[in-house]
Amino acid sequence: MVGSITNAHSNFSLVNVNGGSLEEKVDEIRELIGKVEGDPLRIVGVGAGAWGSVFIAMLQEAYGSLREKVLIRIWRRPGRAVDRPTAEQLFKVINSREDVLRRLIRRCAYLKYVEARLGDRTLHADEILKDGFCLNMIDTPLCPLKVVTNLQEAVWDADIVINGLPSTETLEVFEEISKYWKERITAPVIVSLAKGVEAELGTEPRIITPTLMINRATGVPLENILYLGGPNIASEIFNKEYANARICGAGKWRKPLAKFLRQPHFIVWDNGDLVTHEIMGGLKNVYAIGAGMVAALTNESATSKSVYFAHCTSEMIFITHLLAEEPEKLAGPLLADTYVTLLKGRNAWYGQKLAKGELNLEMGDNIKGKGMIQGVSAVRAFYELLSHSSLNVLNPEENKHVAPVELCPILKVLYRILIAREYPTQAILQALRDETTNDPRDRIEIAQSHVFYRPSLLGHKL
């Protein structure tokens, strides 16, 4: 376990600028969970992508010195080899940062990076994560972490679990985790960072969010499962760029967890509308891919990007009104999360690379150095859901009922580009420039009709 942190940015130590000390915040969470003296609070990250690793690293920097009261660890799969080009880049990063270089020398860990640079040794992702390097984000060194590669060892006694897995892996991993929780007396608290959805098609189609996947897989009550999202670019957050987020879920946990997770550079608010925030977390990745395409195809035209923003946000509002009776307005952190993802996230990057011909669809959606592009599977999920034969909405312009997807032209064209592979990326511009396209306001007005909400899409009853 890592000792006290020497990074100058973290020298606020045990002082909480928002009132009280970090030790007091730990004590509050410990009391709520029911920990006794001598039994540390166990926080476990599951999944070690960029955001999952950064999130655990932030907690380690803040609370890692309180070893008698809190233990923090992260699980990732073993065996992922670091190829030589990545090892060479990693070596450059290490030698460009005096603080990192000194840390590795002090830990007697520098030599293995020299050997990997020379091709005399193969490093592995879990091995470098212990030294503070995430394979999906090697240009941003983190603090050293306690890494566990055995899932049972990692989670069996966890009090708080941070889900840093892609939505496409969440169900499978938590089904395995459920085997190790059968003898538990009390349920853990789970905070999901996953931003993606899956569609469940049948006579009653449903959208399955990561929190629902976790609930189904483990039986942990929904009140113990929360979602955290916001305008967060992982590398910038760890470099102490000011950011904010919302943790959403039941009141018992979201308010104390918001206080516990809050740091001087990372402000966390709480909100009760889990559905809207989690759905928007998946939707923004869908439309971020299109945003990247538009940016690349128009040479970063501010006008074209703003037109795209107006249309995609109206589609997002339209879709959330299907899934939530009174969804949170697209404002504050919800709007900011959408904006930053369309501007700079990995899904926007992916769209740009596709449009420039630097990537192609045959390469899949798990990209070296970036990880899973979750917007691709979300395009499929939302398109299949909204085109299902059991769903229809009134199109007032034509005065007839149509599948909801017919009122989402951007989602339709993204499906045809990414999933059906019928259109080239240039089709995204044709969709924007279609003379028959309605004012985005019209779509929002349809969505705000009181008869629009479909509770069955999340498995709810009327």
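For the count of charges, Lys and Arg are taken as positive and Asp and Glu as negative, while His and the chain ends are left out.

**Figure 1. Overall view of the predicted model and its charged side chains.** The model shown is predicted. On the definition above, the protein chain carries 54 positive and 55 negative side chains, and 4 Å separates the centres of the two sets. Its fold comprises 19 helices and 14 strands. The C-alpha trace extends about 70 × 50 × 40 Å along the principal axes. For 462 residues, a compact globule would be expected to have a radius of gyration near 23 Å, and the value of 23 Å for the protein chain agrees with this. Of the 462 residues, 56% are buried. The exposed surface of the protein chain amounts to about 20100 Å², with 48% supplied by carbon and sulfur atoms. Among contacts between residues at least 6 apart in sequence, 72% join residues that are at least 24 apart.

**Figure 2. Close-up of the cysteines Cys248, Cys312 and Cys408****.** The structure contains 0 disulfides. A disulfide is a covalent bond between the sulfur atoms of two cysteines. In the case of Cys408, the closest cysteine sulfur belongs to Cys312 and lies 11 Å away, which is too far for a bond. The cut-off applied to such a pair of sulfur atoms is 2.5 Å. Cys408 is buried, because its relative accessibility is 0%. Cys248 is likewise buried, with a relative accessible area of 0%.

**Figure 3. Close-up of helix H17 and the helices around its buried residues****.** Helix H17 spans residues 409-418 and is mostly covered, with 7 of its 10 residues buried. These buried residues are Ile410, Leu411, Val413, Leu414, Tyr415, Ile417 and Leu418. An α-helix has 3.6 residues a turn, so residues three or four places apart point the same way. The buried residues of H17 pack against H12 and H13, and also against helix H15 (346-356), helix H16 (374-386) and helix H18 (427-432).

**Figure 4. Close-up of two loop residues with positive phi, Lys240 and Asn299****.** Most residues other than glycine have a negative phi. Lys240, a residue other than glycine, has a positive phi near 70°. Lys240 is placed in the loop that connects helix H10 (234-238) with strand S9 (243-248). Its relative accessibility is 18%, so Lys240 counts as buried, the limit being under 20%. Asn299 also has a positive phi, near 55°, and belongs to the loop between helix H12 (274-297) and helix H13 (302-323). With a relative accessible area of 70%, Asn299 is exposed.

**Figure 5. Close-up of Pro221 in the loop between helix H9 and strand S8****.** The loop holding Pro221 runs between helix H9 (210-218) and strand S8 (225-229). Pro221 is partly exposed, its relative accessible area being 37%. When residues up to four places away in sequence are not counted, Pro221 touches Ala187 and Asn215. The C-alpha atoms of Pro221 and Pro188 are 9.4 Å apart in space, although the two residues are 33 residues apart in sequence.

**Figure 6. Close-up of Leu457 in the segment after H19****.** Leu457 lies in the segment that follows H19 and is buried, with a relative accessible area of 0%. Apart from neighbours within four places in sequence, Leu457 is in contact with Pro205, Arg206 and Ile207, with Leu322 and Leu323, and with Leu385 and Leu391. Leu457 and Val197 are separated by 260 residues in sequence and by 12 Å in space, from C-alpha to C-alpha.

**Figure 7. Close-up of Asp442 in helix H19****.** Helix H19, which holds Asp442, covers residues 440-447. Asp442 has a relative accessibility of 33% and therefore counts as partly exposed. Between the C-alpha atoms of Asp442 and Ile72, which are 370 residues apart along the chain, the separation is 49 Å.

Notes
Residues are numbered from 1 along each chain as its sequence is written. This is a predicted model: local features need pLDDT of at least 70, side-chain atom pairs count only at pLDDT 80 or more; totals for chains, interfaces and linings use all residues. Side-chain values use heavy atoms; hydrogens and water are left out. Buried means under 20% relative accessible area, exposed over 50%, partly exposed in between (1.4 Å probe, protein chains only). Helices (H or I, at least four residues) and strands (E, at least two) are DSSP runs, numbered from the N terminus. The radius of gyration is taken over C-alpha atoms; the globule rule is 2.2 Å times the number of residues to the power 0.38. Contact means heavy atoms within 4.5 Å. Accessible areas come from the Shrake-Rupley method with a 1.4 Å probe; for residues, only the protein chains shown count as cover. The place of a charge is taken as NZ of Lys, CZ of Arg, CG of Asp or CD of Glu.
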